[in-house]
Amino acid sequence: MFKNIEKSWHSRLLNEFNNKYFKNINAFLSNEKKQNKIIYPKEEDIFNFLKFTPINKIKVVIVGQDPYCLDKQANGLAFSVPKGIKIPSSLRNIYLELYTDLGIKISKNGCLEGWSKQGVILLNTILTVEKEKPGSHTGIGWEILTDNIIRAISNLKKNTIFVLWGQHALSKKNILNIKNDIIIHSSHPSVFSANKGFFGSRPFSKINMHLKLIGKEEINWQIN
């Protein structure tokens, strides 16, 4: 489970992994597998959101909720799917807004690793899900871990840009260091709420504007 965690995160998270709540998560997942339940993403992909982005390279944190629950979709990065997989509706809406915002051509590739490699943490607050049961792993303990990760980033990295799409993500504002952080918020890009404020919110140009103002390299949002 831990092999994809970038090395700068290991010491930061060691206490979390030794904590009782995390052992309870492992016990829960083991029990689910014993019952032949299918869990997404694959165990080796659960921490992919920490694979490509060292702590000192973080620029942006985009907060999602839980992984896609259909076959072959979840890859450990919020909103992302592996190459060759049909683009889910939320990601399609993200791409539509990206085109409206920056004129970037809509990609047929849904893998967002390229964003992660530039300092964008794509963090689901819940890291696993049972097949075809969205939200099924709510409350098993992942929220404790991901809240602690959000707090750590907020306190360690001044001027980190937190992108909070939807009310679930916005609830994480309460654990941010408001004096340190830059917050961009709108409705969620899902089919149920994209027309309620996500479309037209121009998050990508806002992120790059803030990065430019603080003297950091802008994100190349193009997905090839």
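The buried residues of helix α3 pack against α4 (113-116), β5 and α7 (203-213). Keep in mind that this is a predicted model. Which residues of α3 are buried? They are Ser90, Leu91, Asn93, Ile94, Tyr95, Glu97, Leu98 and Asp101. An α-helix has 3.6 residues a turn, so residues three or four places apart point the same way.

You can check the length of α3 (residues 89-102) too: at 1.5 Å a residue, its 14 residues should span 20 Å, and the end C-alpha atoms are indeed 20 Å apart. Right after α3 comes glycine 103, with a positive phi near 70 degrees.

Now for the sheet. Four strands make an open sheet, in the order β3-β2-β5-β6, with parallel pairing. Because β3 and β6 stand at the edges with a single partner strand each, one side of each has no neighbour in the sheet. On average, neighbouring strands here are turned by 20 degrees against each other, ignoring direction.

Here's where the four strands sit along the chain:

| Strand | Residues |
|---|---|
| β3 | 120-124 |
| β2 | 60-64 |
| β5 | 161-165 |
| β6 | 182-186 |

Strands β5 and β6 pair in the parallel sense over five bridges. Look for valine 163, whose bridge partner in β6 is isoleucine 184.

Last stop: asparagine 48, in the loop between β1 (39-40) and β2. Is asparagine 48 buried or exposed? Its relative accessible area is 7%, which is under the 20% cut-off, so asparagine 48 counts as buried. Asparagine 48 touches Asn4, Asn75, Gly76 and Leu77, leaving out residues up to four places away in sequence. With asparagine 75 there's also a polar link: its backbone oxygen lies 2.7 Å from a polar side-chain atom of asparagine 48.

How values were computed. Residues numbered from 1 in each chain as written. Predicted model: local features only at pLDDT ≥ 70, side-chain atom pairs only at ≥ 80, totals over all residues. Heavy atoms only, no water. Pairing = 2+ DSSP bridges. Helix = DSSP H or I, 4+ residues; strand = E, 2+ residues; numbered from the N terminus. Axes fitted to C-alpha atoms, helices over the stretch in contact; angles between N-to-C directions. Buried < 20%, exposed > 50% of the residue type's maximum accessible area, 1.4 Å probe, protein only. Polar contact = N/O pair within 3.5 Å; in protein donor to acceptor, adjacent residues only side chain to side chain. Contact = heavy atoms within 4.5 Å. Expected span 1.5 Å × (residues − 1).
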